[in-house]
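Welcome, and please open your viewer. We will walk through this model one selection at a time, so keep the mouse ready.

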Amino acid sequence: MNRRYCLTLDLKDDPKLIAEYKRYHEKIWPEITRSIKDSGIEDMEIYLLGARMFMIMEVNDRFSFEAKAQADRLNPKVQEWEKLMGTFQQLLPQTKPGEKWLLMERVFKLEG
């Protein structure tokens, strides 16, 4: 059974940087796509309003945040991508050291 995770992160509130970030995501590097899929993420979408981003991930049973983080640390291309994306991103105030995207709490689900 698939699980869904929702995460959030801000971009720097600069229209030129936001436009450039969006351009990078029109065609992300193939190594990044491969690392995402290899980790057990089956679907991922990112939405943007102003500078606030919202990510939805659908993952399979193989996925864990810890395993993904470890694989990312060992992948030079992912590290290059993350460093580049970090130039556009603005951490949220509640971010702890080593965090970037923060998990969101579900507060409502339509039932039945």
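**The whole chain**

Start with the cartoon view, where you can find four helices and five strands (helices are DSSP runs of H or I with at least four residues, strands are runs of E with at least two, and both are numbered from the N terminus). Follow the chain along its sequence and you will read the pattern β-α-α-β-β-α-α-β-β. The radius of gyration is 14 Å, close to the 13 Å that the globule rule gives for 112 residues, so the chain is as compact as a globular protein of that length. That radius is taken over C-alpha atoms, and the globule rule is 2.2 Å times the number of residues to the power 0.38.

Before you zoom in, know that this is a predicted model, in which local features need pLDDT of at least 70, side-chain atom pairs count only at pLDDT 80 or more, and totals for chains, interfaces and linings use all residues. Residues are numbered from 1 along each chain as its sequence is written, and side-chain values use heavy atoms, with hydrogens and water left out.

Rotate the C-alpha trace: along its principal axes it spans about 45 × 35 × 30 Å. Now switch on the surface. The accessible surface comes to about 8200 Å², and 55% of it belongs to carbon and sulfur atoms (areas come from the Shrake-Rupley method with a 1.4 Å probe, and for residues only the protein chains shown count as cover). Of the 112 residues, 31% count as buried. Here buried means under 20% relative accessible area, exposed means over 50%, and partly exposed lies in between, with a 1.4 Å probe and protein chains only.

**Stop 1: Leu7**

Select Leu7 in strand β1. Is Leu7 buried or exposed? At 5% relative accessibility, Leu7 counts as buried. Show its surroundings and you will see Leu7 touching several residues beyond four places away in sequence, including Met53, Phe54, Phe65, Trp101 and Leu103 (contact means heavy atoms within 4.5 Å). Then draw a distance from Leu7 to Glu105: they are 98 residues apart in sequence but 8.8 Å apart in space, C-alpha to C-alpha. Contacts across the chain tell a related story: residues 24 or more positions apart account for 71% of those with a separation of 6 or more.

**Stop 2: helix α2**

Next, select residues 30-38, which form helix α2. Which residues of α2 are buried? They are Ile32, Ser35 and Ile36. Seen down the axis of α2, these buried residues fall within an arc of 100°, so they line one face of the helix; the arc is that of the directions from the helix axis to the C-beta atoms. An α-helix has 3.6 residues a turn, so residues three or four places apart point the same way.

Display β2 (41-49), α3 (65-73) and α4 (76-86) as well, since the buried residues of α2 pack against them. Turn the helix around, and the face away from the buried side shows the exposed residues Pro30, Lys37 and Asp38. After α2 comes Gly40, whose phi is positive, near 105°.

**Stop 3: charged pairs**

Side chains of opposite charge can pair when their charged atoms come close. A salt bridge here is a side-chain nitrogen of Lys or Arg within 4 Å of a carboxyl oxygen of Asp or Glu, and the count comes to five.

- Select Glu58 and Arg4, whose side chains meet at 2.8 Å, N to O. This pair links distant parts of the chain, Glu58 in strand β3 (52-59) and Arg4 in strand β1 (3-11), 54 residues apart. Arg4 is exposed, with a relative accessible area of 56%.
- Select Asp72 and Lys68, which form another salt bridge at 2.8 Å, N to O. Both lie in helix α3, four residues apart, about one turn of the helix. Asp72 is buried at 15%, and Lys68 is buried at 13%. Among residues more than four places away in sequence, Asp72 is in contact with Ser35, Val78 and Gln79.
- Select Lys100 and Glu82, whose closest N and O atoms are 2.5 Å apart in a salt bridge. Lys100 sits in the loop between β4 (89-90) and β5, and Glu82 in helix α4, 18 residues apart. At 31% relative accessibility, Glu82 counts as partly exposed.

**Last stop: a surface patch**

Finally, select Val107, Phe108 and Leu110, which make a nonpolar surface patch of about 420 Å². Patches are made of residues with over 30% relative accessible area and no salt bridge, with like charges joined within 9 Å and nonpolar side chains (Val, Leu, Ile, Met, Phe, Trp, Tyr) within 5 Å. Leu110 is in the segment after β5 (102-103), and Leu110 is exposed, with a relative accessible area of 70%.
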